[in-house]
Amino acid sequence: MIALYGHEMSGNSYKARLLLELLNIEYEWVKVDLMQGEHKSPDYLALNPFGQVPLLVDGEINIADAQAILVYLARQYGGEQWLPLEALPLARVARWLSTAAGEVRQGPENARLYYVFGTTNINIERAHQKAAYILTQLNQHLSTRTWLEFERPTIADVAIFPYVALARDGKIDLDGYPHVLAWIDRVKQLPGYIPMAGL
């Protein structure tokens with residue numbers, strides 16, 4: 001059976017868990033207590049030397065990093081619907097995986113880390129500026145489409161969703177982004193959707 005190691009307050013853990021649910025895959029949830037430092041324990045580091053969550057274990061295969069887990073699950077279990085193979089559609093989805101690890105991390109994710117977890121080495125003004133930038137881009141992009149790419153959800157949507165939907169945790173107002181809010185509601189209506197703490 002697949003095991004997903006993560007923490008319930010981690011948006012990156014959640015995006016991996018969300019895709020498992022959307023794909024209706026049976027799995028075991030293994031909580032890693034970050035406050036107790038379990039992610040730095042010798043046993044965990046033997047599975048994931050980076051000492052981060054999430055971590056997916058599928059038999060003998062260990063996959064670390066949320067975006068990598070999404071790619072693996074989509075390709076192994078989800079098929080073309082979630083991650084197309086053709087060059088241009090694949091590139092369009094990959095762009096959003098980079099955005100999740102770049103602009104979304106630097107904006108909404110960092111703002112949430114600052115306010116929820118008290119991470120003090122974050123420039124909160126810069127995080128809010130980055131959040132405003134990516135939310136404006138997303139709102140414009142979603143003004144003419146239902147999903148981030150194509151007319152169906154893909155792992156692009158799963159990758160971007162958690163920290164954008166949790167933006168208010170970082171004191172970021174979403175009311176000025178109606179197309180983003182409508183997209184968040186559409187994700188929540190997907191069969192198999194499960195909420196995360198705060199959503």
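Let me start with helix H6, residues 155-165, which in this predicted model is mostly covered, with 11 of its 11 residues counted as buried. Reading along the helix, the buried residues are Ile155, Ala156, Asp157, Val158, Ala159, Ile160, Phe161, Pro162, Tyr163, Val164 and Ala165, so you will notice that an aspartate is on that list, given that buried here means under 20% relative accessible area. What covers these residues? The cover includes helix H1 (11-22), helix H3 (66-78), helix H4 (87-116), helix H5 (124-142) and helix H7 (178-188), and I would like to take two of those neighbours, H4 and H7, in turn.

With H4, the packing angle is about 5° and the axes lie 9 Å apart, which means that H4 is roughly parallel to H6. On the H4 side the contact is made by Val93, Trp96, Leu97, Thr99, Ala100, Val104, Pro108, Glu109 and Arg112, and on the H6 side by Ile155, Ala156, Ala159, Ile160, Tyr163 and Val164. Sorted by class, this contact between H4 and H6 has 12 nonpolar residues, one polar residue and two charged residues.

With H7 the arrangement is another matter to look at on the screen: the axes of H6 and H7 come within 11 Å and cross at roughly 115°, and H6 passes H7 in a left-handed crossing. The residues that meet are Asp157, Ile160, Phe161, Val164 and Ala165 from H6, and Val180, Trp183, Ile184, Val187 and Lys188 from H7. By class, the contact of H6 with H7 has eight nonpolar residues, no polar ones and two charged ones. Ile160 and Val164 are worth picking out, since they appear in the contact with H4 and also in the contact with H7.

Let me now step back to the chain as a whole. Its secondary structure comes to seven helices and four strands, and along the sequence these follow the pattern β-α-β-α-β-β-α-α-α-α-α. For 199 residues a compact globule would have a radius of gyration near 16 Å, and the chain, at 16 Å, agrees with that. The C-alpha atoms fill a box of roughly 45 × 40 × 30 Å along the principal axes, and 49% of the 199 residues count as buried. Among contacts between residues at least 6 apart in sequence, 65% join residues at least 24 apart.

Turning to single residues, His141 is found in helix H5 and, because its relative accessibility is 15%, counts as buried. Leaving aside residues up to four places away in sequence, His141 touches Arg95, Trp96, Leu148 and Glu149, and Trp96 is also one of the H4 residues in the contact with H6.

Finally, some backbone points that I would ask you to check in the model. Most residues other than glycine have a negative phi, and most peptide bonds are trans. Where, then, is the cis bond? The peptide bond from Val53 to Pro54 is cis, with omega near 5°, and Pro54 is found in the loop between helix H2 (42-47) and strand S3 (55-58). Asp65, in the loop between strand S4 (61-64) and H3, has a positive phi, near 85°, and with a relative accessible area of 42% this residue is partly exposed. Phe150 likewise has a positive phi, near 65°, and is found in the loop between H5 and H6, which brings us back to the helix where I began.

Key. Residues numbered from 1 in each chain as written. Predicted model: local features only at pLDDT ≥ 70, side-chain atom pairs only at ≥ 80, totals over all residues. Heavy atoms only, no water. Buried < 20%, exposed > 50% of the residue type's maximum accessible area, 1.4 Å probe, protein only. Helix = DSSP H or I, 4+ residues; strand = E, 2+ residues; numbered from the N terminus. Contact = heavy atoms within 4.5 Å. Axes fitted to C-alpha atoms, helices over the stretch in contact; angles between N-to-C directions. Left-handed = near helix turned anticlockwise from the far one by under 90°. Nonpolar A, V, L, I, M, F, W, Y, C, P; charged D, E, K, R; others polar. Parallel < 35°, antiparallel > 145°, perpendicular 65-115°, else oblique. Rg over C-alpha atoms; globule rule 2.2 N^0.38 Å.
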